[in-house]
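Notebook open, coffee poured. I wanted a look at a sheet, some cysteines and one glutamate.

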Amino acid sequence: WTRMIDTTNAPIFCIEASGLITEWNQKAAEISGWGKEEAMGKSLVDNFIKEDCREEVSLILKQALEGHGAVNYDFPLCTKDGQRREILLNTTTRRSADGVVRGVMGVGQDITEMRTAMAEQQRIADGLARFIQTANAPIFGVDVTGRVTEWNRKAEEVSGFTKEEALGQMLIDEFIAEENRYQVHCALERAWQGDESANFEMMLVSKDGSKVEILLNATPTRLSDGKVTGWAGVGQDITVLREAMQRSEQVAADWTRMIDTTNAPIFCIEASGLITEWNQKAAEISGWGKEEAMGKSLVDNFIKEDCREEVSLILKQALEGHGAVNYDFPLCTKDGQRREILLNTTTRRSADGVVRGVMGVGQDITEMRTAMAEQQRIADGLARFIQTANAPIFGVDVTGRVTEWNRKAEEVSGFTKEEALGQMLIDEFIAEENRYQVHCALERAWQGDESANFEMMLVSKDGSKVEILLNATPTRLSDGKVTGWAGVGQDITVLREAMQRSEQVAADWTRMIDT
């Protein structure tokens, strides 16, 4: 057991009641950079935990000494070079044969990289969610029953209804003017069939009873498998503009005892693949008792058929001396469910070096993996929404270089996303007479201010000018730091021309009548 503990691919340490280290296996040495000789006899808390975490870690170890082991505790190990490694740790009280507490054993998994990936996924999802919530264009979402699922801050502002008041309500029945309900219903029907609706007018009835004219672009929302889950719309409040241009239309846009009782699942197999050890945690997670598991083939009885070939290869490599680190082990439970086990495998050898089998030490990360998948689904959905929205969406960083250029931006400008990314927005894409105004809008965004309904004159690839009515908002990290600027726009070139023609006609008639 000593050799197995020392050579397993999971970090394992033991301390005595005074907190001094009595065991420090090879994996603990590898992760921390502190060799076994350097660690043995030293205080775990004083030497391997940064000062701001020592009180909490001391409490966890004290509880373990009192018989209350920790399960999946985030253990902040400080390495020799001062870095922090995130260890998912299970602690177990060590007792003598007569039950006297001897110390604490910790069995862990290094999840530093996994935690970093989760943080990045969460950052992306949070950023996209913040963008939708704080965008200066009203954004609405409904599910397949027509109930409101998204109602951002701008939607609150233009309607007078808070998000809490709107969520769960029927969009058409509660918020749409009666004369406009059929058109909105048709747009929803098309979205649920997978079709988009560009630049249709939605007459919103505000909380005070006034009507707010929204020029809306709607697109179906989908899961990663393409299944339609609802409808999302990006709009522009064109009430004032409509009055000014005599009802002209505006374009709108629409993410052994110690081993047996440890809180980590541990199993052993012999060279033939038959189970020789199956601890309590393995039994708890799988639903298969130790008596049921012992002597059975691990692969044939506890792995689903479509995964057996890969698992067999991992175990074969471990038998050849090549243990796996953080392998996603697909354990099949007694009731047919799949549990995701983050597994480290180690070759078991006899005293004379002969291979006896394989030991696996794992952590059940099923719920963590489910959370990661959900975060990724949200991030993917929001990213797809931005990319496929029927409104041009632009993004720049704090240097003014383009970081986002969606499909509609490609369409109105003629420049592909690849051509635009990394270019200076103002220098490369804005008409010279409009650059100062756009520069001022960017400056305000970088100071944390928003710019609503300002006009941006885009120069397209063929040299023509495209007039964009833009709402811009700063993009931020989760700590509030401004990282750039994002804008949702509407191409009002045709609308502006129509307005000018209307004004000319009105002027001509005025002159004619007057003279």
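In what order do the five strands of the open sheet sit? I read the order as 2-1-5-4-3, with antiparallel pairing. For the terms, helices (H or I, at least four residues) and strands (E, at least two) are DSSP runs numbered from the N terminus, and two strands pair if DSSP finds at least two bridges between them.

Before going on, I noted that this is a predicted model, where local features need pLDDT of at least 70, side-chain atom pairs count only at pLDDT 80 or more, and totals for chains, interfaces and linings use all residues. Residues are numbered from 1 along each chain as its sequence is written, and side-chain values use heavy atoms, with hydrogens and water left out.

Next, the edges. I found strand 2 (21–24) and strand 3 (73–78) there, each pairing on one side only. Strand 1 (residues 12–16) runs antiparallel to strand 2, and three bridges join them. Across that pair, I saw Cys14 opposite Glu23 in strand 2.

Then I searched the whole structure for disulfides (a pair of cysteine sulfur atoms within 2.5 Å) and got zero. Why is Cys53 not bonded to Cys78? Cys78 holds the closest cysteine sulfur, but the two sulfurs are 9.4 Å apart, so they are too far for a bond. I also checked burial (buried is under 20% relative accessible area, exposed over 50%, partly exposed in between, with a 1.4 Å probe and protein chains only): Cys53 is buried at 15%.

Last, Glu443. I placed Glu443 in helix 21 (residues 435–446), partly exposed at 31%. Its C-alpha is 9.7 Å from that of Gly400, 43 residues apart along the chain.
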